[in-house]
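User: I'd like to go through the reasoning behind some of the labels used for this protein. Could you take me through them?

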Amino acid sequence: MDFTLSEEARRIRDMIAEFVDEEVVPVAAEIDETDEFPVDLIDEMADLGLMGMPFDEAYGGAGLDYHAYAAGLVEISRGSGGLGTIVAAHTSLAGGMLDSFGSEEQKERFLTPLNEGRDIGAFALSEAEAGSDVPAMGTEARRDGDEYVLDGGKLWISNGSVADTVVVFAKTDPEAGQKGISSFVVRPEEDDGFHVEGTEHKLGDKGCPTAELRFSDLRVPADRRLGAEGEGFVQALKALNAGRITIAARGVGIARAALDEALTYADEREQFGQPIGEFQAIGHKLADMDTKVETARLLMHRAADRKTRGERFVKEAAQAKLHASEVSREVANEAIQIHGGYGYTTDFPVERFYRDAKLNEIYEGTSEVLRNTIADELRVR
């Protein structure tokens, strides 16, 4: 298979890389320190058309295929892991739900402002007792005439405290298990009963607020339900499956950043009268790091290829996310080792890459769950 990007995709990737080098990298440490949502960067990215990359131009998107989108997200994540999460949650999850399951009216009303960057999106699925076990969720949506009344809460919601549009999953039939879950478009500024309980203080992924949400007698018009009642669980799985490609991209981007820093440091740092990169032990580390990054990139593009072709890609997305997640942590760890004592300080960015990388192994399917998914897919085939 040839995963060479088209000329247009390379041009877009290079444009994003230039933006990242000029605008994101210089402020990445500040974002990490302050943990503030980078509004100015988001506005600039909206102007560049980066907030709706894989969606139809008819709805304000850029019309890119998943190869180009993933390559773009690699570059964004190379600059800032938190910014990579902001874009992935906004685009692949919130935007992906609307693009795949929204009506024409819903797409025009909600997807277009997301793609244009006028609104920020979030995907509210997880709960305290329903992380990997989605059907265990406690949030309920009761039909009342032309409205649904939502009660419950969600945890670990990326962009949750800053979102203008939140796709919320709730049980419309509590007795039906996974077949009783539905999804709804919630507008925090319009819908009474939407409360942000707070945001998490995290190891990494700074700049992307991870919120706890509560819904108290929150009334949502029935025309804001996505698809039919009871389809929410399947919708969530499909959205998460596509989202795993973007988390693979985040992993590749962080790993690439860590490798680049390690290469630079190995060329500049001298011990025993020569650059440390000339020592075989360091050279072997760098060789292994680069090999891991490239294999992760290829798995990412293989999954993107199957999605672009309209083929089943459950196993491929799980493998891409699993491998890139572990590679990002392993490469960042080796980058710290190459930096020695300096790598353990905030004087160099490799410790930030390590903290940002760890999240890849947890959200949008833990590594343990992904191994189960891959094993199940092997039996299906």
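**Helix packing and buried acids**

Analyst: Sure, let's start with a helix pair: the axes of H4 (residues 81–101) and H6 (residues 232–268) come within 9 Å and cross at roughly 155°. Keep in mind that this is a predicted model.

User: Why is H4 called roughly antiparallel to H6?

Analyst: Take the angle of roughly 155° and set it against the cut-off: over 145 degrees counts as roughly antiparallel. The angle passes, so H4 is roughly antiparallel to H6. As for handedness, H4 passes H6 in a right-handed crossing.

User: Which residues make that contact?

Analyst: On the H4 side they include Gly81, Gly82, Thr85 and Ala88, and on the H6 side Gln235, Ala236, Lys238 and Ala239 are among them. Sorted by class, the residues between H4 and H6 come out as nine nonpolar, seven polar and two charged.

User: What makes H4 and H5 roughly antiparallel?

Analyst: Same kind of check. H4 and H5 (residues 104–115) pack at about 160°, with axes 9 Å apart. The cut-off is over 145 degrees, and the angle clears it, so H4 and H5 are roughly antiparallel to each other. Here H4 passes H5 in a left-handed crossing. The contact is formed by His90, Gly95, Leu98, Asp99 and Phe101 from H4, with Gln106, Lys107, Phe110, Leu111 and Leu114 from H5. That gives five nonpolar, three polar and two charged residues.

User: Which residues of H5 are buried, and what do they pack against?

Analyst: The buried ones are Gln106, Lys107, Phe110, Leu111, Thr112, Pro113, Leu114 and Asn115. They pack against H4 and also against strands S1 (121–124), S4 (165–171), S5 and S8 (225–226). Just after H5 comes Gly117, with a positive phi of about 80°.

User: And how do you know that H6 and H7 are roughly antiparallel?

Analyst: H6 and H7 (residues 280–308) pack at about 160°, with 9 Å between their axes. Anything over 145 degrees gets the label, and this angle does, so H6 and H7 count as roughly antiparallel. H6 passes H7 in a left-handed crossing. Among the residues in contact are Ala242, Ile245 and Ala248 of H6 and Ile282, Leu286 and Met289 of H7. The class tally for H6 with H7 is 19 nonpolar, no polar and five charged.

User: Now the acids. Why is Asp191 called buried?

Analyst: Buried means under 20% relative accessible area. Asp191 has 7% relative accessibility, so Asp191 counts as buried. You'll find Asp191 in the loop between S5 (181–186) and S6 (194–199).

User: What does the side chain of Asp191 reach?

Analyst: The side chain of Asp191 reaches the backbone nitrogen of Arg187 at 2.7 Å. With the side chain of Arg224, Asp191 makes a polar contact of 2.9 Å. Leaving out residues up to four places away in sequence, Asp191 touches Val186, Leu218, Arg219 and Arg224.

User: How do you know that Glu351 is buried?

Analyst: The bar is again under 20%. Glu351 comes in at 15% relative accessibility, so Glu351 counts as buried. Glu351 sits in H9 (residues 350–358).

User: What makes the pairing of Glu351 and Arg355 a polar contact?

Analyst: The cut-off for such a pair of N or O atoms is within 3.5 Å, and the side chains of Glu351 and Arg355 are joined at 2.9 Å. Setting aside neighbours within four places in sequence, Glu351 is in contact with Ile336, Gly343, Thr345 and Thr346.

Key
Residues numbered from 1 in each chain as written. Predicted model: local features only at pLDDT ≥ 70, side-chain atom pairs only at ≥ 80, totals over all residues. Heavy atoms only, no water. Helix = DSSP H or I, 4+ residues; strand = E, 2+ residues; numbered from the N terminus. Buried < 20%, exposed > 50% of the residue type's maximum accessible area, 1.4 Å probe, protein only. Polar contact = N/O pair within 3.5 Å; in protein donor to acceptor, adjacent residues only side chain to side chain. Contact = heavy atoms within 4.5 Å. Axes fitted to C-alpha atoms, helices over the stretch in contact; angles between N-to-C directions. Parallel < 35°, antiparallel > 145°, perpendicular 65-115°, else oblique. Left-handed = near helix turned anticlockwise from the far one by under 90°. Nonpolar A, V, L, I, M, F, W, Y, C, P; charged D, E, K, R; others polar.
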